[in-house]
Amino acid sequence: MASERMAEGPDGDRPEPRAPESRIPEPRVPDPRTADPRPLDAIDRDILQILHTDGRASIRSVAERVHVSRANAYARINRLIDDGVIRGFGARINHERAGQGASAYITLKIVQNTWRTVREHLRALPGASHIALVSGDFDVLLLVHTPDNRALRELVLTRLQSIPEVLSTRTLLVFEEDDMEPEN
């Protein structure tokens, strides 16, 4: 883990190693060749709920709250990560306060069988925060956050519409949003 690496001091000495913190391990990309994930029991579901509410919870606090040992909690969390049930940990961001005051859902119609190519283009877009392949009147739903309407216009007219596999777009401005994630 990166937190366990030691940097050399100015005189070339290595500092004394510190005991690793009891932190939740970093998620790893699951191997697609592995079998289906194991079934979840009540303790696994409780762990998922705790981490969904507070992704910064320590192993110790998770173990105490689900009434298992720290080793058991650590092993269960690792298994949930290895099985791909837990995909990662992150911060919930207030986009407006972070300088991303314009938000929009953009629907795209794309050339049939080009989803993987389009998805890679969309992942590279600045401000893209959610991409979904959907059914219905359009093929892709994209959520973007930009500094202002001018940047949003540039993103749609220049970046999105220049992707050869994109047939058409429709932009839906977000006037107000409410994060449905649990509050800490």
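This report covers the fold, cores, helix packing and salt bridges of a predicted protein model.

## Overall architecture

The protein has five helices and four strands. From the N terminus, the order is α-α-α-β-α-β-β-α-β. Three helices therefore precede the opening strand in the order given by DSSP runs numbered from the N terminus.

The protein has 184 residues, and buried residues make up 25% of them. The accessible surface comes to about 13,300 Å². Carbon and sulfur atoms hold 48% of that surface. Among contacts with a separation of 6 or more, 67% join residues 24 or more positions apart.

## Confidence

Mean pLDDT is 84. A value of 70 or more is reached by 78% of the residues. Residues 1-21 stay under 50 in pLDDT. For that stretch the model has nine contacts beyond four places in sequence.

## The largest nonpolar core

The largest nonpolar core holds 17 residues. Ile-106, Leu-108, Leu-122, Leu-142 and Leu-160 touch the most other members. Four elements each supply at least two residues of this core: β1 (102-110), α4, β3 (140-146) and α5 (149-159). The top contributor is β1, with four residues. In soluble globular proteins, nonpolar side chains tend to be buried together.

Leu-160 shows the contacts of one core member. Beyond four places in sequence, Leu-160 contacts Ile-106, Leu-108, Leu-122 and Leu-142. Leu-125, Leu-155, Val-166 and Thr-169 are also among the contacts of Leu-160.

## A separate core and Ile-47

Another core lies apart from the largest one. This other core has 14 residues, including Ile-47, Ile-59, Val-66 and Ile-77.

Ile-47 sits in helix α1 (residues 42-53). Its relative accessible area is 0%, so Ile-47 is buried. Outside its neighbours within four places in sequence, Ile-47 contacts Val-62, Val-66, Arg-76, Ile-77 and Leu-80. Ala-63 is 16 residues from Ile-47 in sequence, and their C-alpha atoms are 8.5 Å apart.

## Helix α3

Helix α3 has 13 residues. From first C-alpha to last, α3 reaches 18 Å, close to the 18 Å expected at 1.5 Å a residue. Buried positions in α3 are Ala-73, Arg-76, Ile-77, Asn-78, Arg-79, Leu-80 and Ile-81. The buried residues of α3 pack against α1 and α2 (59-66). Just after α3, Gly-84 takes a positive phi of about 80°.

Arg-79 lies in α3, which spans residues 70-82. Arg-79 counts as buried because its relative accessibility is 17%, under the 20% cut-off. Beyond four places in sequence, Arg-79 touches Arg-38, Pro-39, Leu-40 and Asp-44.

## Helix α4 and Val-118

Val-118 belongs to helix α4 (residues 115-123). At 0% relative accessibility, Val-118 is buried. Leaving aside neighbours within four places in sequence, Val-118 contacts Ile-110 and Glu-165. Glu-165 is 47 residues from Val-118 in sequence, yet the two C-alpha atoms are 6.7 Å apart.

Helix α4 also carries a charged pair. Arg-123 and Glu-120 form a salt bridge, at 3.0 Å from N to O. Both residues lie in α4, three residues apart, or about one turn of the helix. Arg-123 counts as exposed, at 52% relative accessibility. Glu-120 counts as partly exposed, at 43%.

## Salt bridges

Side chains of opposite charge can pair when their charged atoms come close. The model has eight salt bridges. Six residues are linked in a network of salt bridges: Arg-38, Asp-41, Asp-44, Arg-76, Arg-79 and Asp-83.

Within this group, the side chains of Asp-83 and Arg-79 meet at 3.8 Å, N to O. Asp-83 is partly exposed because its relative accessible area is 21%, and buried means under 20%. Arg-79, at 17%, counts as buried.

Helix α2 has a pair of its own. Glu-64 forms a salt bridge with Arg-60, with the closest N and O atoms 3.7 Å apart. Glu-64 and Arg-60 are four residues apart in α2, about one turn of the helix.

Note on methods:
Residues are numbered from 1 along each chain as its sequence is written. Side-chain values use heavy atoms; hydrogens and water are left out. Buried means under 20% relative accessible area, exposed over 50%, partly exposed in between (1.4 Å probe, protein chains only). Contact means heavy atoms within 4.5 Å. Accessible areas come from the Shrake-Rupley method with a 1.4 Å probe; for residues, only the protein chains shown count as cover. pLDDT is the predictor's confidence in each residue, from 0 to 100. A nonpolar core is a set of buried Ala, Val, Leu, Ile, Met, Phe, Trp, Tyr and Cys residues joined through side-chain atoms within 4.5 Å. The expected span of a helix is 1.5 Å times one less than its number of residues. A salt bridge is a side-chain nitrogen of Lys or Arg within 4 Å of a carboxyl oxygen of Asp or Glu.
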